[in-house]
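Q: Please take a close look at a single part of this structure, the metal site, and then place it in its wider setting.

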Amino acid sequence: MPGFLLDLDGTLYSGDRPIPYAAEFIQWLRDKQYPFLFLTNNSSRTPEQVAAHLVHTGIEAKADEVLTSSQAAALYMKDAGLAGGPVFCIGETGLRQALAEAGFELLPEDAPAEQAAVAVVQGIDRSFTYSKLMSAVRHVRRGATFVLTNPDHLLPWNGELTPGAGSIAASIERSSETAPVVIGKPSPIIMRFAIAKLGLAASDIWAVGDNLNTDIRGGVDAGCRSALVLTGLADESNYAEQIERTGVQPEVVCKHLMELAAHIG
Ligand SMILES: [Mg+2]
């Protein structure tokens, strides 16, 4: 039986707008009883908020069908023996909640200098400041593991490109002279947790998304099947050039998700 790891923005919706055939595709998966997971690099939303946004764009979704890079970061840190913390977090609700729910103590920004964090966990933070940068750098220089939810340097936001989590991470990396452990797609870390959650062999799982560098690269590297949809970052006019430039070859290219359904049957 095939399983599916589904990207969100550019694949199932575009910002606030539905993408044609996306709701129909999810219904098709449910009718077929094919296991799937909504898999997102976005660390800012909680699984409940991700599901609510999907419902808002016309797609039936539940929080336990979601795996975010924030949840994967918390799982990774437990596996790495960092359970409990304390951790210094630079991020929004989705990341703070994932860490708190996983039992991590979150250090305040103004924690006394002698309070050492075992990890600095960073995602998108639209209230990022010099003072947060200073705290993060202090902890990492003293040996805290630097964990980054997702490497994206730029985020589409209301028609323009704004700095993403990867751009904040670059400032921490530069000052601390330490590269982060990257959790989100195409990292094998989030792929490993996603594949385990589906409970299928990687070779039975389709990685589906609009981004060759994250969705498809992550899938290919993890030994999954892969389908590029031309409804977001990749579209009909640019996908051939993007495949050439990234060197990432999806198994299937489809104009929309129901084309993938027809391919799989
Ligand atoms: Mg996408």
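A: The account below begins with the metal site and then turns to the domains and a pair of helices. The model is a predicted one.

In this model, the magnesium ion is held at 2.1 to 2.2 Å by Asp 7 (OD), Asp 9 (O) and Asp 210 (OD). Along the chain, these donors of the magnesium ion follow the spacing D-x1-D-x200-D. Distant parts of the chain are thereby linked: Asp 9 belongs to the loop between β1 (3-6) and β2 (13-14), while Asp 210 belongs to the loop between β12 (205-209) and α8 (212-221), 201 residues apart. Asp 9 has a relative accessibility of 41% and therefore counts as partly exposed. Asp 210, with a relative accessibility of 6%, counts as buried, because the limit for that class is under 20%.

The domain assignment of the protein chain gives domain 1 (3-41 + 185-264) and domain 2 (81-182). Taken over C-alpha atoms, the centres of domain 1 and domain 2 are separated by 28 Å. Their contact takes 4 residues from domain 1 and 5 residues from domain 2.

Two helices complete the description. The axes of helix α3 (residues 69-79) and helix α7 (residues 188-198) come within 10 Å and cross at roughly 95°, so α3 is roughly perpendicular to α7. On the α3 side, Ser 69, Ala 72, Leu 75, Tyr 76 and Asp 79 meet Ile 189, Ile 190 and Phe 193 of α7. By class, this contact of α3 with α7 has 6 nonpolar, 1 polar and 1 charged residues.

Key. Residues are numbered from 1 along each chain as its sequence is written. This is a predicted model: local features need pLDDT of at least 70, side-chain atom pairs count only at pLDDT 80 or more; totals for chains, interfaces and linings use all residues. Side-chain values use heavy atoms; hydrogens and water are left out. Axes are lines fitted to C-alpha atoms, for helices over the stretch in contact, and angles run from 0 to 180 degrees between N-to-C directions. Helices (H or I, at least four residues) and strands (E, at least two) are DSSP runs, numbered from the N terminus. Angles under 35 degrees count as roughly parallel, over 145 as roughly antiparallel, 65 to 115 as roughly perpendicular and the rest as oblique. Contact means heavy atoms within 4.5 Å. Ala, Val, Leu, Ile, Met, Phe, Trp, Tyr, Cys and Pro count as nonpolar, Asp, Glu, Lys and Arg as charged, and the others, Gly among them, as polar. Donors are N, O and S atoms within 2.8 Å of the metal (3.2 Å for Na, K and Ca); water is not among the atoms, so sites may look incomplete. Buried means under 20% relative accessible area, exposed over 50%, partly exposed in between (1.4 Å probe, protein chains only). Domain bounds come from an automatic or database domain assignment.
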